[in-house]
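Please open the model in your viewer and keep the selection panel at hand. The stops below proceed from one sheet to another and end at the ligand.

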Amino acid sequence: MNNFESVSFKPAFSHIYIEEKALHHQVTEQILQKFPRAQQTIISHYKDVFCRSRQQFGLQKKSPKLILAKRENACIYEGARPCQSFGYTHFYYTSSVMNCLYDCEYCYLQGMYPSANLVVFVNLEETFRQVEELLQKHPLYLCISYDTDLLGLESMLGYVRQWITFAKTHENLTIEIRTKSANYSKIADLTPSDNVILAWTLSPQEIAMRYEHGTATTAARLKGAALAAANGWNVRLCFDPVLWQKNWQISYEQLVTETFETVSPNDILDCSIGQFRAAKDALKRMRKNRPNSALLQYPYQLQDGVYQYEQARAVEMTEQIKRWVGNYLPPKKIFLWQGED
Ligand code: SF4
């Protein structure tokens, strides 16, 4: 039991902080209408709230506040080493939201941000402008659901719909939208696009229940993926992070079987398998934020600045899962993250 379990918390977004310059933006007004009872506070810059010292990530996760801000600087970043590029040369990511509605125990965000409150950048048009600038130079593979779960926030923001619409008119752009939500229904009316990849992260149900708090069940994610694939979308399945536990073989073999009994292998674009990994300093902060987490206290090994399972264990798990997935998909559709991309 942690220190907060006996305390009652206000619902998420009971308080909304709004940057002065974001005040009259259409997205700000649209979000405020959805939370008519929220206490509103005007601030001069989102960092005044988001970057305050001595915040408690775990406590804030119980009742996150919302911060509405305007993006003014560069917001398209080159993919970092612990991310999978899926063979694309120009692999970038962007975050129109910082932090997530969900609360995965292994989430790197708790080691990256000083606060668990959500920052929404309301001026998505600025990100689109920067994407168009980059597209003048080269094609782009862009992960848009980074540092958040954008489809999980679709009822509030509608950003996934806007991104898909934007991608339709920019053929050199490929976007990946990764989710643990069951929110495919929010975009199911859209026509599938060749340059949009809908990706579902999948875990055995007992792992989802134990570590992926607030996310959709594995069955619900699979149902969304199956429907999307049947409707003609590019669907990616991500067994990532693969987590070690006693009898992991049973859980993951069942997951792979359930996955391909639900989603037709012929309809799948590709699949990724990745072991747990966390940057050195991030894991230190994650452990501090979750001192009771056995998952985070595992004696991971440091390799080139990234903590991960000892090599023998990592290889055993990913290779075994690859073999099971290989019963359904050809090797060229299976991507591994084992410490190198
Ligand atoms: S869904 Fe992703 S971003 Fe959200 S808490 Fe889980 S790991 Fe973090």
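In which sense do strand β3 and strand β8 pair, and over how many bridges? Select residues 66-69 for β3 and residues 118-121 for β8: the two strands pair in the parallel sense over four bridges. Within this pairing, V120 in β8 is the bridge partner of L68. Strands here are DSSP runs of E with at least two residues, helices are runs of H or I with at least four, and both are numbered from the N terminus. Two strands pair if DSSP finds at least two bridges between them.

This is a predicted model, in which local features need pLDDT of at least 70 and side-chain atom pairs count only at pLDDT 80 or more, while totals for chains, interfaces and linings use all residues. Residues are numbered from 1 along each chain as its sequence is written.

**The five-stranded sheet**

Extend the selection to the sheet that holds β3 and β8. Its five strands form an open sheet with mixed pairing, in the order β2-β1-β3-β8-β6. At its edges lie β2 (39-43) and β6 (97-98), each of which pairs on one side only.

**The eight-stranded sheet**

Next, display the open sheet of eight strands, ordered β4-β5-β9-β10-β11-β13-β14-β18, where the pairing is again mixed. Its edge strands, β4 (76-78) and β18, each pair on one side only. Neighbouring strands of this sheet are turned by 25° against each other on average, direction ignored. Axes are lines fitted to C-alpha atoms, for helices over the stretch in contact, and angles run from 0 to 180 degrees between N-to-C directions.

Begin at the β4 edge. β4 and strand β5 (residues 91-94) run antiparallel and are joined by three bridges; I76 stands opposite T94 in β5.

Then select residues 159-168, helix α6, which lies across β10 (173-179) and β11 (196-201) and runs at about 160° to β10. Contact means that the C-beta atoms of two residues, placed from the backbone, lie within 7 Å.

From β11, move to β13: these strands run parallel, joined by five bridges, and A199 has R236 in β13 as its bridge partner.

**Strands β13 and β14**

Select residues 234-242 for β13, which pairs with β14 in the parallel sense over six bridges. Here C238 stands opposite S272, and L237 stands opposite C271. Add helix α9 (residues 248-262): β13, α9 and β14 make a right-handed β-α-β unit. Right-handed means that, with the strands pointing away from the viewer, the path from the first strand over the helix to the second runs clockwise.

How many residues of β13 are buried? Nine of its nine are, and in β14 (residues 268-275) six of eight are buried. A residue is buried if 20 or more other C-beta atoms lie within 10 Å of its own, exposed if 12 or fewer, and partly exposed in between, with C-beta atoms placed from the backbone.

On to β18 (residues 334-337), which pairs with β14 in the parallel sense over four bridges. S272 stands opposite F335 there.

**The ligand**

Finally, select C100, Y102, D103, C104, C107, L109, T148, D149 and K180, the residues around the ligand; the C-beta atom of each, placed from the backbone, lies within 6 Å of it.
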